[in-house]
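User: I'm new to this one and would like to know what stands behind the labels people put on it. Can you take me through it?

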Amino acid sequence: MLTEQRYQKIMDIVDSKKTVTVLELVQKLGISESTVRRDLVSLDKLGKLIRVHGGATSLELQYETADMDISKKSTLNLEQKHTIGKYASSLIMPGDFVYLDAGTTVEIMASYITEKNANYVTNSVWQAKALSKHDISVTVIGGTFKAVTEAIIGSEAVECLQKYHFTKGFFGTNGISDIAHFSTPEANEASVKRTAITRCKQSYVLADSTKFDKVSAVTFGYIENSTIITTQLAPRNYNNTIYV
């Protein structure tokens, strides 16, 4: 296959999928890994795509490097968030030991929770307040308070989470993509999310349709290890996805 033909086939795949891994290109094009990596370097230099660790992304893929204030985020995509949150709350059963992550969709979910015969832990002040309105007892982990997201983060929060074994955990995310999987803008918050998600027997990521094909600075979890709860408006189809 001529170089220009490879370039065009790679660009067709990247433009279609928005994100692609080196392995996917090797399998689809029937060429060597070294050739794929060399072609991605060249296409990146030509300004045709963005080369990232393990693959490439379309120029149209949205990058996010800073958290939006939670008061602003809480006003976005409310109809989808309520649909997702209401469904997610129905998954909590008597006897569950539940972790609630910081995030506006999880906060909305918390407002729908009525199961009092379960135990709840969170790193979010908002989630704790939402549960308290239903007279539901909740444990807030210790650590450093992050005002922008009203989340508890830091090494103390990570250490605290390591003693727990949750039956279910519900997480927010800033981005979902083939390359970065579940990602968030800030490293300390990602560390808490990453620790919590590994302590859950079942983990659910709550995401409205705008979170797909977005990449934030730090990956905290992997698509194959969690179930995504989203709406029919989601532009991508991943395995282990529940559409509500």
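Analyst: Here are the labels, each set against its definition. This is a predicted model, where local features need pLDDT of at least 70 and side-chain atom pairs count only at pLDDT 80 or more, while totals for chains, interfaces and linings use all residues. Residues are numbered from 1 along each chain as its sequence is written, and side-chain values use heavy atoms, leaving out hydrogens and water.

User: How do you know that E5 and E6 are paired?

Analyst: Strands are DSSP runs of E with at least two residues, helices are runs of H or I with at least four, and both are numbered from the N terminus. Two strands pair if DSSP finds at least two bridges between them. E5 (residues 97-100) and E6 (residues 119-122) have four bridges and run parallel, so they count as a pair. One of the partnerships is valine 98 with tyrosine 120 in E6.

User: What makes the crossover from E5 to E6 right-handed?

Analyst: The rule is to let the strands point away from you; if the path from the first strand over the helix to the second runs clockwise, the crossover is right-handed. Here the chain leaves E5, passes through helix H6 (residues 104-112) and reaches E6, and this β-α-β crossover is right-handed. E6, helix H7 (residues 125-132) and E7 make a right-handed β-α-β unit too.

User: Why is E7 called an edge strand?

Analyst: The open sheet has seven strands in the order E7-E6-E5-E10-E13-E16-E17, with parallel pairing. E7 and E17 (241-243) each pair on one side only, which makes them the edge strands. E7 (residues 139-140) is joined to E6 by two bridges, and threonine 122 stands opposite valine 140 there. At the other edge, three bridges join E16 (residues 227-230) to E17, with isoleucine 228 partnered by threonine 241.

User: What makes you say that H5 packs on the sheet?

Analyst: Contact means heavy atoms within 4.5 Å. Helix H5 (residues 78-89) touches E10 (166-172), E13 (200-206), E16 and E17, and its direction makes about 130° with that of E16. Such angles run from 0 to 180 degrees between N-to-C directions, using axes fitted to C-alpha atoms, for helices over the stretch in contact. H7 packs on the sheet as well, touching E5, E6 and E7, at about 150° to the direction of E6.

User: Which strands form the antiparallel open sheet, and in what order?

Analyst: Three strands form it, in the order E1-E3-E2. Its edge strands are E1 (19-21) and E2 (50-52). Three bridges join E1 to E3 (residues 55-57), and threonine 19 stands opposite threonine 57.

User: What sits between E11 and E12 in their hairpin?

Analyst: Three residues do. E11 (residues 175-177) and E12 (residues 181-184) pair in the antiparallel sense over three bridges, and serine 177 has histidine 181 as its partner.

User: Why is the space of about 220 Å³ called a pocket and not a cavity?

Analyst: On a 1 Å grid over the protein atoms alone, a cavity is a set of points where a 1.4 Å probe fits but cannot get out; a pocket is an open set with protein on both sides within 12 Å along at least five of seven lines. The space of about 220 Å³ lies in the largest pocket, so it belongs to an open set. Its volume is what probe spheres set on the points fill, with points joined across faces, edges and corners. Lining residues have an atom within 4 Å of a point. The largest pocket has 13 of them, and the closest to its centre are His53, Gly54, Ile179, Ala180 and His181.
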